[in-house]
Amino acid sequence: IRTRALVERTERLMAELGVHVDPNAEIWQLSVGEQQRVEILRTLARGARILILDEPTAVLTAQQAKELFAVMRSLVAGGRTVVFISHKLNEVLEVSDRISVLRNGRRIITRETAGATPRELARLMTGEDRDFEVKSRGRAGDRPFLQVVDVTARGARELIALHDITLTVHAGEIVGIAGVSGNGQTELAEVVTGLRKIDSGRVLIDGVDLTSASPRRFAQAGVGHIPEDRLGVGLVPSAQVRDNAVLHQYWQRELSGKVTLRRGSISEFATRLVSSARVQTRSIHSPVGHLSGGNQQRLIAGREAMVASRVFIAAHPTRGLDVYATEDVRKSLLDRRDAGCAVVLISDDLDEVLLLSDRIAVMYEGRVVGEFRREEADRQRIGLLMGGHVAEAGRQGVP
């Protein structure tokens, strides 16, 4: 095996797709988004005649997605077949020739793309017909529930992942963190939930310095967290739905005695949570790993919303979910905002960031390179900043 030749081939493929991953990194050191990019690169490296791309744009900026679509069209023109699986209906309509809709493991319809609409596809996908609407926002409060002050932290490879990050989120406000995965967003979420120690700086929750505190101390201070990796970090797949429902509450007097857990109370708690979060499961005693991705995420969102009295951190909360699971998770974020919580939404889906956020901060290579109020946010400028084109974005008037 010639490592240099492999690196050169990988770099050529990355240049073709407009994405970047360190060719010499270990896979475990990469974020979930970066790992997905490796999947795309590996498929093309095999020279496959049929490409099945499952949510390939989840880790790309809008410009990079356009470039990927151009690559897909060139592959089709060259005689290859592409199956594009996505819940982003606008992208499906833009790139496809024909559309097949699946629901509950059955093909509902196959039709030509011409003339199809997002609402029609959503109805066919779910069997329901409803609209998701973001209600108008009141003015955010003046009380800063989350303060990140000059924070520098290292990532899994012991390289600096956050460079002097400063960020303030007020009560009743959603701040969206836009950026391509692997630019420090994962480390930021871990720092403000106690999962990662910092080299320097401070983290304050409602004015209380929790810089060196444990994850439990952050949870007790009112910090909820929907992690990027729901199975690896947010859930115990082999454990029951019931036990996963109380991962943040099991030590409370209601659920725990001095020596043993109160199983009856835990079952009642889990039943209430499953009902309020609209989790579809055969039983609260089923392994949580048997749930669909959407129901796993509903469970996490509902559980963490109960914890998040002050701060709610949501990292890629709707990645890979269907239309209505996405709506349910987004609604939990809006409900927390309306209850006066400070919400941090980390997403590489720019449409989602623009839809939900009151303010938008753009991260690139561990730094905040731009910040916008929602009403002045410009998709093109944000996309340029996400891709690292800071100078070009500045010429277009980025503040």
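Author: Angles between axes run from 0 to 180 degrees, taken between N-to-C directions. The model is predicted. In it, helix α11 (residues 293-307) lies across β10 and β11, at about 170 degrees to β10.

Reader: What do you call the direction of α11 relative to β10, at about 170 degrees?

Author: Roughly antiparallel. Angles over 145 degrees count as that, and α11 runs at about 170 degrees to β10.

Reader: Which strands does α14 lie across, and how does its direction compare with β13?

Author: α14 lies across β7, β13 and β14. Its angle to β13 is about 30 degrees. That is under 35, so the two are roughly parallel.

Reader: What makes α11 and α12 roughly parallel to each other?

Author: Their axes cross at roughly 10 degrees, and angles under 35 count as roughly parallel. The axes come within 9 Å. From α11, the contact uses Gly294, Gln297, Arg298, Ala301 and Ala305. From α12, it uses Tyr324, Ala325, Asp328, Val329, Ser332 and Arg336.

Reader: Why are β10 and β14 placed at the edges of the sheet?

Author: The order is β10-β11-β12-β7-β13-β14. β10 (223-226) and β14 (367-373) each have a single partner strand, so one side of each lacks a neighbour in the sheet. The sheet is open, has six strands and is mixed in pairing. From one strand to the next, the twist averages 15 degrees.

Reader: What makes β7 and β13 a pair?

Author: At least two bridges are needed, and these strands have four. Their sense is parallel. Alanine 178 stands opposite valine 362 in β13.

Reader: How do you know whether phenylalanine 312 is buried or exposed?

Author: Buried means under 20% relative accessible area. Phenylalanine 312 has 0%, so it is buried. Its strand is β11. Threonine 113 is 199 residues from phenylalanine 312 in sequence and 39 Å from it in space, C-alpha to C-alpha.

Reader: What makes α14 mostly covered?

Author: Six of the eight residues of α14 (379-386) are buried. They are Arg381, Ile382, Gly383, Leu384, Leu385 and Met386.

Reader: What caps the N-terminal end of α14, and what follows the helix?

Author: Aspartate 378 is the cap. One of its side-chain oxygens lies 3.0 Å from the backbone nitrogen of glutamine 380. The limit for a polar contact is 3.5 Å, so this pair falls inside it. Just after α14 comes glycine 388, with a positive phi of about 85 degrees.

Reader: Which residues of α5 are buried, and what covers them?

Author: In α5 (118-126), the buried residues are Glu120, Leu121, Ala122, Leu124, Met125 and Thr126. Their cover includes α4 (89-95), β3 (98-103), β4 (106-112) and α12 (323-338). Glycine 127 follows α5 and has a positive phi, near 80 degrees.

Reader: What makes a group of residues a nonpolar core, and which members of the largest one touch the most others?

Author: Members are buried nonpolar residues joined through side-chain atoms within 4.5 Å. The largest core has 32 residues, and Leu146 and Ile177 touch the most other members. Elements giving two or more residues include β6 (160-170), α6 (185-191) and β12 (342-347). β5 gives the most, five residues.

Reader: What does isoleucine 177 touch?

Author: Leaving out residues up to four places away in sequence, its contacts include Leu167, Leu188, Val344, Ile346, Ala361 and Met363. Another core, of 30 residues, lies apart from the largest one, and Ile284, Ile300, Val343 and Leu356 are among its members.

Technical notes:
Residues are numbered from 1 along each chain as its sequence is written. This is a predicted model: local features need pLDDT of at least 70, side-chain atom pairs count only at pLDDT 80 or more; totals for chains, interfaces and linings use all residues. Side-chain values use heavy atoms; hydrogens and water are left out. Buried means under 20% relative accessible area, exposed over 50%, partly exposed in between (1.4 Å probe, protein chains only). A polar contact is a pair of N or O atoms within 3.5 Å; within protein, one must be able to donate a hydrogen and the other to accept it, and residues adjacent in sequence count only if both atoms are side-chain atoms. Contact means heavy atoms within 4.5 Å.
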